[in-house]
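Here's a friendly walk through one protein structure, with a look at some charged pairs and one sheet. Have the picture open as you read.

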Amino acid sequence: MASSDMDALRQIFFQECEEQLAELESGLLEIESGDADSEIVNAVFRAVHSIKGGAGAFAIENLVRFAHVFETVLDEVRKGRLSAAGPVVETLLRAADVLADLVRVARDGGDVDEARIRSVSDELAALSGAPAAAAEADASEDNLEDLDFKPVVVDLPVFDDAPIFAEPPVAEYSITFKPHPSLYANANEPAVLMRELERLGEITVVCDTASVPPLTELDPEAAYLSWSIELKTTHGEEDVRAVFEFVDGDCDLTIVGANSAVTDPGEDDIAALLRRVREEPVELMEQVDTSLSDTTPDHQELALAGTPRDLQAAPLKAEPAKGDKGAAGEGTQPTIRVELDRVDRLMNLVGELVINQAMLSQRLLEAGLARSTEVSSGLDEFEQLTRDIQEGVMAIRAQPVKSVFQRMPRLVREVAAATSKKVRLVTEGEGTEVDKTVIERLADPLTHMIRNAIDHGLEKPEARSAAGKREEGLVRLSAAHRSGRIVIDIADDGAGINRPRVRAIAEEKGLIPPTAQLTDEEIDNLIFLPGFSTASTISDISGRGVGMDVVKRSIQALGGRVSIASRPGEGSTFTLSLPLTLAVLYGMVVTVADQTLVVPLTSIIETLKPKLSDVHGFGGESRVIALRNNFIPLVDVGRELGYRSQSADPGAGVAILVESDGGAHSALLVDAIQGQRQVVIKSLEANYGRVPGIAAATILGDGRVALILDVDAVVAGSRNGSMSPEIPLALAG
Amino acid sequence: MTALASLFEQKSGTARELIAFAVGKQEFCIDVMSVREIRGWTPATVLPHSQSFVRGVINLRGAVLPIVDLAVRLGFPPAEVMGRHVIIVVQVGSQFVGLLVDAVSDILSVSESEVLPPPDVASEMAKRFVCGLIAMEGRMLSILSVDSVLPEQERSDPQ
């Protein structure tokens, strides 16, 4: 095989690993929360099993070894021999983390934490078997390596010495196997299964071709063949069943043990019966469910008779759970993998289509065509279609925030362990969709804020008990759509922001004068100031040289805002409000010195018509505007961008009140406001480079390029007398 | 010049095609291989704080295309832009840039032997931008090296 093919396969393997790991983690979390059924346990097992299989094919040995130990424990859970509760799930979750690490190292290279793998492997080994070994393992670490081999050492003499076990019991199984068309559609192959069976023992295969229709009626995608297989084997039924594990659900399968050498016929009947029951538990359960809901209306009446709180809680709780099951189980929609580049290209083309359509309508209008003509009605339809296509393409790029949220449980576990705090993470609205580019850039700020919530927000268990709270702190991460934006809350039930301390630190660092009169809200916002850090000693968790100012900047670079609501003793909530996509932006189109500019709506607070009496000169060149008992710097955009050398007459223009970096307010003076509209963001950097004071470009309806103002840079430039390019708006296209 | 000569040698044939155009009263040419298209003048959106020879940006089928006023770039007085002016869209690496010129005249096919080294004159323009001369039917055409006429600021993606 060519190495590029191999690379492609590897890439697919790692992509699939990501999915399997995600499924593993979410499955384990469900098991932890206590509402797991056997389907979830099976899914968790399959995830680890698939990773092991893939890793085997690519000869990633440490991954195979660890996955094998992990799988063994999960198998015990699956067979009901091990109850996945309390510390067991915690171990499994830790094992999932290690597995994820091993996958990452196999993909990106780097070092693995051998000690951690060893300790988790031992925990797993202790769970899966030899409790004695586990006890010894606790007693002495030096014995650990020997212990792994102990079962082998003990077992071998048994085989050698005892004649009963020298020839293991031979059992005969009758297997009937009838594939469904879906088996073939999923690229499974009966011959491979037969070969697997053959490996277990001696097989006799009879193919039943009775239902094969005449050639003229043959549907090439249908499944007509079935097989009866007689198998003589020393292996147990579990092993036989394992052969068919991956075609489970894609075939009719019965496995009946006949003439078993070790079981008497009576027991066999019961075993067969049990087996049959086990094969169809899902259907049975469903039947029971539907019959319950169909035939017992009292049930619902009972619910109605409950307290109003129950009524409210019930649908809220039940519905997402139902939805989740549907998404995780067989109800999953078929999907395809597409390279992001292709979607991006499509996105660009649609962006151009939107602009072209706008140009066309404007040209028609200029040409003086009446609104009622067929051309203009056709154009309306064209416009509608264009919008639909744009939305459709954006929907392709839209992803549920789940992909970011599901990284957080692990983070919470690690930070909780590092800070020795007890933390429970609750996530809501994981299905909320947002553009992929936004999701990608959300991971870092979210990680940081969750770290902060645990490290700074939550108190130590003792302190919580003393305050009359549960020892276990709660961190809630939720996402929702609100008026065309996505709103993400990171809430903790910790002590809230310690305002006197925040203030003291800000004074100490010279960020505010000691005499400053600040509201509670203003004090809370001090933590966003560059150079601010509440950690008295820089801890491992938060002190990574990244402060909240960086979080705020990266959120603002996404066209979003951060706000804080904190109540002493009750906790803090950080709220992020973000655009759904970075490809388009809502902006106010303004005129400055005959140039058309776009001001992003996210930074605009209000617009006002300045009165000359409110504008005051301040120092040599600067001017301020009086607004509600405050003086706000007036920034002449035309002058700042070098469009004119003389300051514009404030009385003739419009002032746009904006919030810039660090929450400071400024008034931007422009000549006129043309209106508000959605614009497609175009990169200036692709063909040119950065322009101070300009974030990006867009193309207006008349086909001309308009520049999108970088509000922070313009305001900062007016302060420093020179323009310095700050974090530009994310660029698309 | 030697660089150019060796460039010619690398090509299997000695002939090479150049697009000739006029800036002010002088004639120039660039390699046809770097030209993507030639289009009419459309008003450009002024870029703040840009170098004097950057006219601004225009919309090239959805992409934002910076325009270099070659007259200013080469040290001539800026031209009064009229509808007859032409933009030559050139590609350098992954970047597209428009060159504003007075008019495009013809496509020349020249062989290596016809390219003369630029004479040693004081002109900064000649030293920086011209990498060869062609004498043809009494005309003199300067071969521009496209790279050097582009805006220099942060051409590589700063991200």
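## A first charged pair

Let's start with Arg690(A), which makes a salt bridge with Glu685(A); their closest N and O atoms sit 3.8 Å apart. Keep in mind that this is a predicted model. Is Glu685(A) buried or exposed? With a relative accessibility of 7%, Glu685(A) counts as buried, because the cut-off for that word is under 20%.

That pair has plenty of company: over all chains, the structure holds 38 salt bridges. As a general idea, side chains of opposite charge can pair when their charged atoms come close.

## Two pairs along helices

Next up is helix α4 of chain A, which covers residues 87–108. Here Arg104(A) and Asp101(A) join their side chains in a salt bridge, at 3.0 Å from N to O. The two are three residues apart in the helix, so about one helical turn separates them. Arg104(A) is partly exposed, its relative accessible area being 40%, whereas Asp101(A) is buried at 16%.

Now hop over to helix α20 of chain A, residues 436–457. Lys436(A) and Glu440(A) form a salt bridge there, with 3.5 Å between the closest N and O atoms. These residues are four apart in the helix, which again puts about one helical turn between them. Lys436(A) is partly exposed, with a relative accessible area of 22%, and Glu440(A) counts as partly exposed too, at 46% relative accessibility.

## A shared network

Some salt bridges share partners, and that links a set of residues into one network. Who's in it? The members are Glu25(A), Asp97(A), Asp101(A), Arg104(A), Arg116(A), Arg410(A), Arg413(A) and Glu414(A). You've already met Asp101(A) and Arg104(A), the pair from helix α4.

## A six-stranded sheet

Time for some strands. Six of them in chain A make an open sheet with mixed pairing, and the order across it is β14-β18-β19-β17-β16-β15. Which strands stand at the edges? They are β14 (604–608) and β15 (615–618) of chain A; each has a single partner strand, so one side of each has no neighbour in the sheet. From one strand to the next, the twist averages 35°.

Zoom in on one edge and you'll find β15(A) running antiparallel to β16 of chain A (residues 622–627), with four bridges joining the two. If you'd like a spot to look for, try His616(A): its bridge partner in β16(A) is Val624(A).

Technical notes. Residues are numbered from 1 along each chain as its sequence is written. Chains are lettered from A and ligands numbered from 1 in the order in which they are written. This is a predicted model: local features need pLDDT of at least 70, side-chain atom pairs count only at pLDDT 80 or more; totals for chains, interfaces and linings use all residues. Side-chain values use heavy atoms; hydrogens and water are left out. Two strands pair if DSSP finds at least two bridges between them. Axes are lines fitted to C-alpha atoms, for helices over the stretch in contact, and angles run from 0 to 180 degrees between N-to-C directions. A salt bridge is a side-chain nitrogen of Lys or Arg within 4 Å of a carboxyl oxygen of Asp or Glu. Buried means under 20% relative accessible area, exposed over 50%, partly exposed in between (1.4 Å probe, protein chains only).
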